[in-house]
Amino acid sequence: MTAPGTTPDTAHPAARRAILSGSTFEDQIGYARAVVDGDWVHVSGTTGFDYATMTIAEGVVEQAEQCLRNIATALAEAGCTFADVVRVRYLLPERADFEPCWPALRGAFGEVRPAATMMVCGLADPRMRIEIEATARRRAG
């Protein structure tokens with residue numbers, strides 16, 4: 001039986017499963033919000049869209065906070081938390097938008113101190129001001 005919001009991997013049902021958020025982008029593009037593969041959890045690049053309403057705030061800090069809520073939801077469904085994150089990538093179209101997000105990012109990752117990278121690049125939608133990708137490793141017990 002597959003948990004709500006997940007899809008089975010019929011080739012490796014015990015080792016790999018997809019976590020879906022309900023974002024229309026997942027169906028349109030063909031990806032999952034996160035993939036659990038054994039102990040590893042790979043969270044796709046996640047933007048500030050509120051998936052329940054498919055709306056996005058204008059401000060970069062509000063978008064960063066929503067990104068983190070979306071990631072936290074995916075991690076929880078995978079059986080872990082921000083404390084399990086080992087790698088995070090921040091993607092922003094505007095370099096100047098990164099520093100205002102630091103307090104929110106520190107709130108999620110400040111105690112964990114994952115490996116991190118920030119890149120300046122274009123995003124899929126001009127309303128998107130930040131995208132965050134994370135990798136976590138579930139702990140035994």
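This dialogue explains how to read salt bridges and burial in a predicted model.

User: What should be known about the model before reading it?

Analyst: The model is predicted, so local features need pLDDT of at least 70 and side-chain atom pairs count only at pLDDT 80 or more, while totals for chains, interfaces and linings use all residues. Residues are numbered from 1 along each chain as its sequence is written, and side-chain values use heavy atoms, with hydrogens and water left out.

User: How many salt bridges does a search of the whole structure find?

Analyst: Side chains of opposite charge can pair when their charged atoms come close. A salt bridge is a side-chain nitrogen of Lys or Arg within 4 Å of a carboxyl oxygen of Asp or Glu. The search finds five. One of them joins Glu26 and Arg33, with 3.8 Å between the closest N and O atoms.

User: Is Arg33 buried or exposed?

Analyst: Buried means under 20% relative accessible area, exposed over 50%, and partly exposed in between (1.4 Å probe, protein chains only). Arg33 is buried at 2%, and Glu26 is buried at 5%.

User: Which parts does the salt bridge of Glu133 and Arg89 tie together?

Analyst: Helices (H or I, at least four residues) and strands (E, at least two) are DSSP runs, numbered from the N terminus. The side chains of Glu133 and Arg89 meet at 3.0 Å, N to O. Glu133 lies in strand S9 and Arg89 in strand S7 (residues 85-92), so the pair links parts 44 residues apart in sequence.

User: What does the side chain of Asp125 meet in a salt bridge?

Analyst: Asp125 meets Arg127 at 2.7 Å, N to O. Asp125 is buried at 14%, whereas Arg127 is partly exposed at 47%.
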